[in-house]
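Trainee: I should like to learn how to read a structural model of a protein chain. Could we take the features one at a time, with the general idea before the particular case?

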Amino acid sequence: QVQLAESGGGLVQTGGSLRLSCAATGRIFSSSAVGWFRQAPGKEREFVAVISVSGVHTVYADSVKGRFTISRDNAEFTTYLQMNSLKPEDTALYYCAPIKTWPGEPLGYWGQGTQVTVSS
C-alpha cells in the first residue's frame, strides 16, 4: 500500500515560483520512478515530469521544460517539483504518483493533490 501527500501549492503571480513536495509511505516508493501530474478544471490529467529511482534520469513535458525541476530524496521518501517562471496555464491540481511504465504511465496510487493557482 502506498500513501501520498502532496503539499506546497498556493496562489502566485505570473513569473513566480513554488516548490511542491510529495511525501510517500510504502516500500514501493523506494523502488519506483515517481512522476508529477496535473489536472486543470475541465481537462484530463496530464503528465508533467518524472524522475528515476536513482534520480539520475528525468523527463519533462514540453510545456514545462526549462521552468520546472523534479528531484527526490530517497532517504526521506520525498519527491519535489520546483516550479519557476509560472504561467496562468500552469494553474491546476498537482499530483505525484509512482510510475508503472517509464516515463509517464502511473501505477494507480494517487494522493489528494495540491492546488496551484497562477494569477495573471
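Trainee: What percentage of the 120 residues of the chain count as buried?

Mentor: A residue counts as buried when its relative accessible area is under 20%. In this predicted model, 42% of the 120 residues meet that criterion. The surface of the chain amounts to about 6200 Å², and carbon and sulfur atoms supply 48% of that exposed area.

Trainee: How many helices and how many strands does the chain have?

Mentor: The chain has zero helices and 11 strands. Read from the N terminus, the elements therefore run β-β-β-β-β-β-β-β-β-β-β. The radius of gyration is 13 Å, close to the 14 Å that the globule rule gives for 120 residues, so the chain is as compact as a globular protein of that length. The C-alpha trace spans about 40 × 25 × 25 Å along its principal axes.

Trainee: What share of the contacts with a separation of 6 or more comes from residues 24 or more positions apart?

Mentor: Such residues account for 55% of those contacts.

Trainee: Which residues of the largest nonpolar core touch the most other members?

Mentor: The general idea is that nonpolar side chains tend to be buried together in soluble globular proteins. Here the largest nonpolar core has 27 residues, and those touching the most other members are Trp-36, Val-48, Phe-68, Leu-81, Met-83 and Tyr-94. Elements that give two or more residues to this core include strand 3 (18-25), strand 4 (34-39), strand 8 (78-83) and strand 9 (92-101). Strand 3 gives the most, with four residues. There is also a second, separate core of five residues, among them Ala-33, Val-50, Ala-97 and Ile-99.

Trainee: With which residues is Met-83 in contact, leaving aside its neighbours within four places in sequence?

Mentor: Met-83 is in contact with Gly-16, Ser-17, Leu-18, Leu-20, Arg-67, Phe-68, Tyr-94 and Val-116. Two of these partners, Phe-68 and Tyr-94, appear with Met-83 among the core residues that touch the most other members.

Trainee: How many disulfides does a search of the whole structure find?

Mentor: The search finds one. Cys-22 and Cys-96 form this disulfide, with their sulfur atoms 1.9 Å apart. The link is right-handed, with 60 degrees about the S-S bond. Cys-22 belongs to strand 3 and Cys-96 to strand 9, so the pair ties together parts that are 74 residues apart in sequence. Both cysteines are buried.

Trainee: Why is the ring pair of Phe-37 and Trp-110 edge-to-face?

Mentor: One compares the planes of the two rings: an angle over 60 degrees counts as edge-to-face. The structure has four aromatic pairs. For Phe-37 and Trp-110, the ring centres are 5.3 Å apart and the planes stand at 80 degrees, so the pair is edge-to-face. Phe-37 lies in strand 4, and Trp-110 in the loop between strand 10 (105-106) and strand 11, so this pair ties together parts that are 73 residues apart in sequence. Phe-37 is buried at 5% relative accessibility, whereas Trp-110 is partly exposed at 29%.

Mentor: Trp-110 also pairs with Tyr-95: their ring centres are 5.9 Å apart and their planes at 80 degrees, so this pair is edge-to-face. Tyr-95 lies in strand 9, 15 residues from Trp-110 in sequence, and is buried with a relative accessible area of 11%. Ring pairs link Phe-37, Phe-47, Tyr-95 and Trp-110 into a cluster.

Trainee: Is Asp-90 buried or exposed?

Mentor: Asp-90 counts as buried, because its relative accessibility is 0%. The residue lies in the loop between strand 8 and strand 9. Beyond its neighbours within four places in sequence, Asp-90 is in contact with Arg-38, Arg-67, Phe-68, Ser-85, Val-116 and Val-118.

Trainee: Where does Thr-79 lie, and is Thr-79 buried or exposed?

Mentor: Thr-79 lies in strand 8 and is buried, with a relative accessible area of 0%. Apart from neighbours within four places in sequence, its contacts include Leu-20, Cys-22, Phe-29, Trp-36, Ile-51 and Ile-70. By contrast, Thr-79 and Thr-101, which are 22 residues apart in sequence, are 18 Å apart in space, C-alpha to C-alpha.

Notes. Residues numbered from 1 in each chain as written. Predicted model: local features only at pLDDT ≥ 70, side-chain atom pairs only at ≥ 80, totals over all residues. Heavy atoms only, no water. Core = buried A, V, L, I, M, F, W, Y, C linked by side-chain atoms within 4.5 Å. Buried < 20%, exposed > 50% of the residue type's maximum accessible area, 1.4 Å probe, protein only. Contact = heavy atoms within 4.5 Å. Disulfide = S-S within 2.5 Å. Rg over C-alpha atoms; globule rule 2.2 N^0.38 Å. Areas by Shrake-Rupley, 256 points an atom, 1.4 Å probe, with all protein chains shown as cover. Phe/Tyr/Trp six-rings, centres within 6.5 Å; stacked < 30°, edge-to-face > 60°.
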